[in-house]
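Work through the exercises below with the sequence and the model at hand. Each task is followed by a solution in steps.

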Amino acid sequence: MRTRLVFKTYDPGDFYDELFISRGVPRPEAELLVQRISNISIDELTLRQQIAQNMLFKLGVTFNVYSDNKGTERIFPFDVVPRVVPSSEWQWLERGLKQRIETLNCFLNDIYNDQKIIKDGIIPREVIESATGFLEPCLGLKPPKGIWCHITGTDLVRDRNGSWYVLEDNLRCPSGVSYVLENRRVMKGAFPALFEALSINPVDAYPSQLLTSLLHLAPDGVPTPQVVLLSPGIYNSAYFEHSFLAQQMGIELVEGRDLVVADGYLQMKTTKGLQRVDVIYRRIDDEFLDPLAFRPDSLLGVPGLMDVYRQGRVAIANAPGTGVADDKMIYSYVPDMVRYYLDEEQIIPNVPTYLCENDQQQDYVLDHLDELVVKATNASGGYGMLVGPHATAPERDAFADQIKANPRGYIAQPTLCLSRVPALINSEFQGCHVDLRPFILNGQDIYVNPGGLTRVALKKGSLVVNSSQGGGSKDTWVVGAMN
């Protein structure tokens, strides 16, 4: 039977596979999906994948790679086999993500104001003040409604046993949600019958939920708040997403040159004159927001913006200063933060982390570089990282020197055996490692979009899923009833 033939060569191997328990035995939540895919020939599946990729190309779903001298713009690779998460498991993840966002919001408010967590000895002052994302001009800030982190992308992974871990937090300008929405759009076109047969939780409410969260921040007494999305411009790696989200929310897409501080308010230049802006969804890093408060060489922000913000006359999402929570050394303290602020235990655990600034832990890291993943504390996108088991001896030696020269700049973690999902590569299914980035909105309530961006390492054996490092994406299906 063709049902057997399509997956006959696929072996989950010694990994946690998101679709299969063992060779030929699908997980209960993926059984119907596997059955339907098995009734489609490889040639037909390959054709549908090409059609989906062409649709994404026509929609302009691209990203930029600054270091690529062959041209910056690339199509984000897409794999047609979705990742499936049962709703019962998703509900647990949702509780854990809400707990984490509540905790990080308390932490940000505290360190920029009373600093109780420092005074009580939970986190050393030097750990926070040495983080590149900690911005002294943000001390004393009181963001509207007390919310610092409005939009978060939290990276999750599974290990060999199927246990979930938080890999890192992304609070500054988390990207990728446009791929979630567009991936779902093309999958509905490629497999319409599956969406009729399965109870797949929709993801398309995200833009309206995002707009609702942004409007919640508007200053009191403004009957029709003006919301804008502030972008660095067309050469930014996520510009497609900026324009996509602005269009989906029906708001203006602006650059710094389109805005000016006048008469004590932030205003947008229009053909009819200046128009007051009440809420900014900013997609530029903190230090470029206002050259008078942060980097004086910034041409991307608006001079005087922080003064207007401090006076409560404009809201900024995410709040300036949130980047401190992205620091991978501060990440290691989140379990302590949960206990300190919420008097609870962390629901979704962190990956065990070694701090190279600690002499004993550094010695362990240096002695076990061939077993560990070493990460720069302030880097992202798969850069500044050593995957020890896959590195050469000279690469490990070079990283050892970097760690010794700048211990605060590095942490290390065990090399997790990331879960895998079948991916259609060269007309056959191969097991590829994945992570998951759910998107969380913090407004009047905390909303977790049911799904997220599944990033997949499309290079055989690779553990690096970032698009800039050769990764692609899959649609993420949360299946079953959600309460």
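**Exercise 1. Find the partners of strand β16 and decide how far β16 is covered.**

Step 1. β16 and strand β17 (residues 385–387) form an antiparallel pair with three bridges. Two strands count as paired if DSSP finds at least two bridges between them. Helices (H or I, at least four residues) and strands (E, at least two) are DSSP runs, numbered from the N terminus.

Step 2. Val-374 has Leu-386 as its bridge partner in β17.

Step 3. β16 is also joined to strand β18 (residues 410–414), by five bridges, and the two run antiparallel. Here Lys-375 has Ile-411 of β18 as its bridge partner.

Step 4. Now check burial, where buried means under 20% relative accessible area, exposed over 50%, and partly exposed in between (1.4 Å probe, protein chains only). Leu-372, Val-374 and Ala-376 are buried on one side of β16, and Val-373 and Lys-375 are buried on the other, so both faces are covered. Five of the five residues of β16 (residues 372–376) are buried, so the strand is largely enclosed by the rest of the structure.

A note on the source: this is a predicted model, in which local features need pLDDT of at least 70 and side-chain atom pairs count only at pLDDT 80 or more, while totals for chains, interfaces and linings use all residues. Residues are numbered from 1 along each chain as its sequence is written, and side-chain values use heavy atoms, with hydrogens and water left out.

**Exercise 2. Describe the hairpin of β6 and β7.**

Step 1. Strand β6 (residues 151–158) pairs with β7 over six bridges in the antiparallel sense. The bridge partner of Gly-153 is Asn-170 in β7.

Step 2. Five residues lie between the two strands of the hairpin, and Gly-162 takes a positive phi near 85 degrees.

Step 3. Strand β7 (residues 164–170) is mostly covered, with seven of its seven residues buried.

**Exercise 3. How do helices α4 and α13 pack, and which residues meet?**

Step 1. The axes of helix α4 (residues 87–111) and helix α13 (residues 334–342) are 9 Å apart and make an angle of about 80 degrees. Axes are lines fitted to C-alpha atoms, for helices over the stretch in contact, and angles run from 0 to 180 degrees between N-to-C directions.

Step 2. Angles under 35 degrees count as roughly parallel, over 145 as roughly antiparallel, 65 to 115 as roughly perpendicular and the rest as oblique. α4 and α13 are therefore roughly perpendicular to each other.

Step 3. On the α4 side, the residues in contact (heavy atoms within 4.5 Å) are Gln-99, Arg-100, Glu-102, Thr-103, Leu-104, Cys-106, Phe-107 and Asp-110. On the α13 side they are Val-334, Met-337, Val-338, Tyr-340, Tyr-341 and Leu-342.

Step 4. Sorted by class, this contact of α4 with α13 holds nine nonpolar, two polar and three charged residues. Ala, Val, Leu, Ile, Met, Phe, Trp, Tyr, Cys and Pro count as nonpolar, Asp, Glu, Lys and Arg as charged, and the others, Gly among them, as polar.

**Exercise 4. Give the strand order of the sheet that contains β13, and place α9 and α10 on it.**

Step 1. The order is β9-β8-β13-β14, an open sheet of four strands with parallel pairing. β9 (252–254) and β14 (315–317) are the edge strands, each pairing on one side only. On average, neighbouring strands of this sheet are turned by 25 degrees against each other, direction ignored.

Step 2. Strand β13 (residues 279–282) runs parallel to β14 and is joined to it by three bridges. Ile-280 has Ile-316 of β14 as its bridge partner.

Step 3. α9 lies across β8 (227–230), β13 and β14, at about 130 degrees to β13. Helix α10 (residues 239–249) packs on the sheet and touches β8, β9 and β13, and its direction makes about 150 degrees with that of β9.

Step 4. In helix α9 (residues 206–215), Tyr-206, Pro-207, Leu-210, Ser-213 and Leu-214 are the buried residues. Seen down the axis of α9, they fall within an arc of 125 degrees (the arc of the directions from the helix axis to the C-beta atoms), so they line one face of the helix.

**Exercise 5. Is Arg-27 buried or exposed?**

Step 1. Arg-27 sits in the loop between β2 (25–26) and α2 (31–38).

Step 2. Its relative accessibility is 13%, so Arg-27 counts as buried.

Step 3. Apart from neighbours within four places in sequence, Arg-27 is in contact with Tyr-16, Asp-17, Glu-18, Leu-19, Phe-20 and Ile-21.
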